[in-house]
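Could you walk me through this structure, step by step, in plain terms? I would like to see how its parts fit together.

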Amino acid sequence: MAYFKNLSSSLTSLARTHILIISLVLLSLLFLLASQTNHSPALIASALTSRLLFAANFYISPFSSVSSSNTCLVLDSESNCTLSSVTAVETAHANSRKDQERYNRIKKLSSCDIFNGQWVVDNSEPLYKPGSCPFIDEAFNCFKNGRPDSDYLKYKWRPIGCQLPRFDGGKMLEMLRGKRLVFVGDSLNRNMWESLVCALRDSLKDKSRVYEVSGRQRFRTQGFYSFKFRDYMCSIDFIKSPFLVQESKFSDKSGARGETLRLDMIQGSSTKYGDADIIIFNTGHWWTHHKTFKGYNYFQEGSHVYNKLEVKEAYTKALKTWAQWVDANIDSNRTRVFFRGYSASHFRKGQWNTRGSCHGEMKPIASDTYIATYPWMMRVLESVIAEMKTPVFYLNITRMTDYRQDGHPSIYRQREIPRGPGMFQDCSHWCLPGVPDSWNELLYATLLISHNDFTGK
């Protein structure tokens with residue numbers, strides 16, 4: 001045994017000597033070749049380096065364990081096989097190029113208006129398969145409710161002048177590790193919240209590693225819900241606050257019940273999200289409802305209830321109350337604040353409570369001629385945000401949603417109900433999977449930009 005050990009050592013030493021001799025010979029040829037050809041010494045040195053690496057691999061100790069002729073030295077995660085050192089160097093360069101290309105794409109996003117674009121046909125899979133996510137409310141689950149067409153799932157948002165990265169749930173969960181992301185707003189924000197939870201869940205190998213803390217399976221009746229992702233120690237929460245300011249209920253002397261909207265008071269649920277790492281606010285659709293839009297004896301400041309107040313003025317007062325609360329209570333060094341814009345509705349011949357319809361729409365609006373004018377609420381929002389000291393990222397999804405007349409539940413908002421032309425239709429919310437998945441792709445792109453932090457690079 002000692003003999004073989006010494007022999008192995010001698011052969012290994014000899015192999016090293018051969019490598020040294022070959023290296024010196026090859027290097028000595030470098031300058032001779034350089035002087036007799038038009039190639040630069042650097043180029044020839046690069047070629048010789050590959051050959052020297054090959055020589056080094058060839059002179060492996062004779063007693064190394066070799067199971068087959070294609071055994072490698074470096075593990076390749078894609079082929080699950082091993083590679084030579086030459087391939088390892090080339091792989092390192094390829095990975096470096098890929099990283100640089102990815103960096104350049106994300107950097108380009110930082111100077112691109114990702115909300116200015118168009119919907120294009122894309123046959124790639126949705127972020128999660130229809131019917132696969134148990135956390136979608138029945139009202140948004142068009143697939144389980146019997147919607148027969150699926151073309152509305154084949155459209156992707158494409159910004160003009162840049163390319164959105166493919167949503168990567170695992171990478172987003174890494175960015176959210178140990179953090180808390182909270183959606184605050186109305187049922188359209190709940191639409192987006194459920195979309196994100198399902199997209200992130202789909203990236204998990206063990207789907208049981210995400211759960212709602214209260215064990216609920218329906219998410220319409222309560223004011224607070226929280227999904228925990230165990231392996232990432234993060235939570236994705238939803239807090240119901242359709243106006244962002246406080247709605248108050250009372251009974252008058254005759255016992256009649258009434259309610260007012262306190263334009264000067266943030267909703268009490270604000271104590272539940274002030275310490276979050278990311279907050280996504282919205283408000284909009286409830287300002288178009290009858291009692292709000294009419295404005296009679298509903299809006300209140302202090303002890304004063306307005307007999308009549310225009311909804312635009314009331315909305316402005318409410319948003320300023322929200323902005324003042326954010327500026328006074330949110331630490332922008334810790335918390336990133338987003339505000340999602342107004343999501344377009346597509347009722348024909350009426351509204352949600354007057355038999356308005358969108359059933360039968362199977363394609364997005366193709367011409368800008370039929371796109372609605374920019375909502376006054378968003379112009380008010382933009383002016384309020386411009387005056388804030390806290391940085392607020394505006395997810396301006398209004399125009400992109402205006403094209404998507406085909407994406408609503410319409411008559412497929414419930415599973416077992418008679419379907420007919422006179423039934424109530426939902427042309428405000430969105431089917432899941434569906435349009436809100438694209439909002440979360442934009443959120444993901446925005447977080448990537450923030451995560452890479454291009455300032456000074």
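What follows is a tour of a predicted model, going from a sheet to its packing helices, then to salt bridges and two single residues.

Let's begin with the sheet. It is an open one of 7 strands, with mixed pairing, and its order reads S6-S7-S8-S5-S11-S14-S15. Which strands stand at the edges? They are strand S6 (210-212) and strand S15 (392-395); each has a single partner strand, so one side of each is left without a neighbour in the sheet. If you compare neighbouring strands of this sheet, they are turned by 15° against each other on average, with direction ignored.

Now step inward from the S6 edge. S6 pairs with strand S7 (residues 224-229) in the antiparallel sense, over 3 bridges. Within that pairing, Tyr211 has Lys228 in S7 as its bridge partner. Two helices pack on this sheet. Helix H5 (residues 187-202) touches S5, S6, S7, S8, strand S11 (278-281), strand S14 (336-340) and S15, and its direction makes about 165° with that of S8. Helix H8 (residues 376-386) also packs on the sheet, where it touches S14 and S15, and its direction makes about 165° with that of S15.

Strand S8 deserves a stop of its own. On one side, S7 and S8 run antiparallel and are joined by 6 bridges. These two strands form a hairpin with 4 residues between them, and Met233 in the turn has a positive phi of about 50°. S5 and S8, by contrast, run parallel, again joined by 6 bridges. Ser235 in S8 is a handy point to look at: Ser235 is the bridge partner of Lys228, and Ser235 is also the bridge partner of Arg180. How many of the 7 residues of S8 are buried? The count is 6, so S8 is largely enclosed by the rest of the structure.

From here we can turn to charged side chains. Side chains of opposite charge can pair when their charged atoms come close. In this model the count comes to 17 salt bridges. One of them brings us back to the sheet: the side chains of Arg180 and Asp237 meet at 2.7 Å, N to O. Arg180 lies in strand S5 (residues 180-185) and Asp237 in strand S8 (residues 234-240), so this pair ties together parts that are 57 residues apart in sequence. Buried or exposed, where do Arg180 and Asp237 fall? Both Arg180 and Asp237 are buried.

Another salt bridge joins the side chains of Lys291 and Glu259, at 2.3 Å from N to O. Since Lys291 lies in helix H6 (residues 290-294) and Glu259 in strand S10 (residues 257-266), the pair ties together parts that are 32 residues apart in sequence. Lys291 is partly exposed, with a relative accessible area of 32%, and Glu259 is partly exposed as well, with 23%.

A further example is the salt bridge between Glu301 and Lys317, whose closest N and O atoms are 3.3 Å apart. This pair links distant parts of the chain, with Glu301 in strand S12 (residues 299-301) and Lys317 in helix H7 (residues 311-329), 16 residues apart. Glu301 counts as partly exposed at 24% relative accessibility, and Lys317 is partly exposed with a relative accessible area of 24%. Salt bridges can also be followed through a network here, one that links Asp137, Arg190 and Glu194.

Staying with helix H7, have a look at Thr316, which has its place in that helix. The side chain of Thr316 reaches the backbone oxygen of Lys312 at 2.8 Å. Thr316 and Met377 are 61 residues apart along the chain, while their C-alpha atoms are separated by 8.4 Å.

The last stop is Gln405, found in the loop between helix H9 (398-402) and helix H10 (435-452). Why does Gln405 count as buried? Its relative accessibility is 19%, and buried means under 20%, so Gln405 falls on the buried side of the cut-off. Leaving out residues up to four places away in sequence, Gln405 touches His346, Glu361, Lys363, Pro364 and Ile365. With Lys363 there is a polar link too: the side chain of Gln405 reaches the backbone oxygen of Lys363 at 3.2 Å.

Methods: Residues numbered from 1 in each chain as written. Predicted model: local features only at pLDDT ≥ 70, side-chain atom pairs only at ≥ 80, totals over all residues. Heavy atoms only, no water. Buried < 20%, exposed > 50% of the residue type's maximum accessible area, 1.4 Å probe, protein only. Polar contact = N/O pair within 3.5 Å; in protein donor to acceptor, adjacent residues only side chain to side chain. Contact = heavy atoms within 4.5 Å. Salt bridge = Lys/Arg side-chain N within 4 Å of Asp/Glu carboxyl O. Pairing = 2+ DSSP bridges. Axes fitted to C-alpha atoms, helices over the stretch in contact; angles between N-to-C directions.
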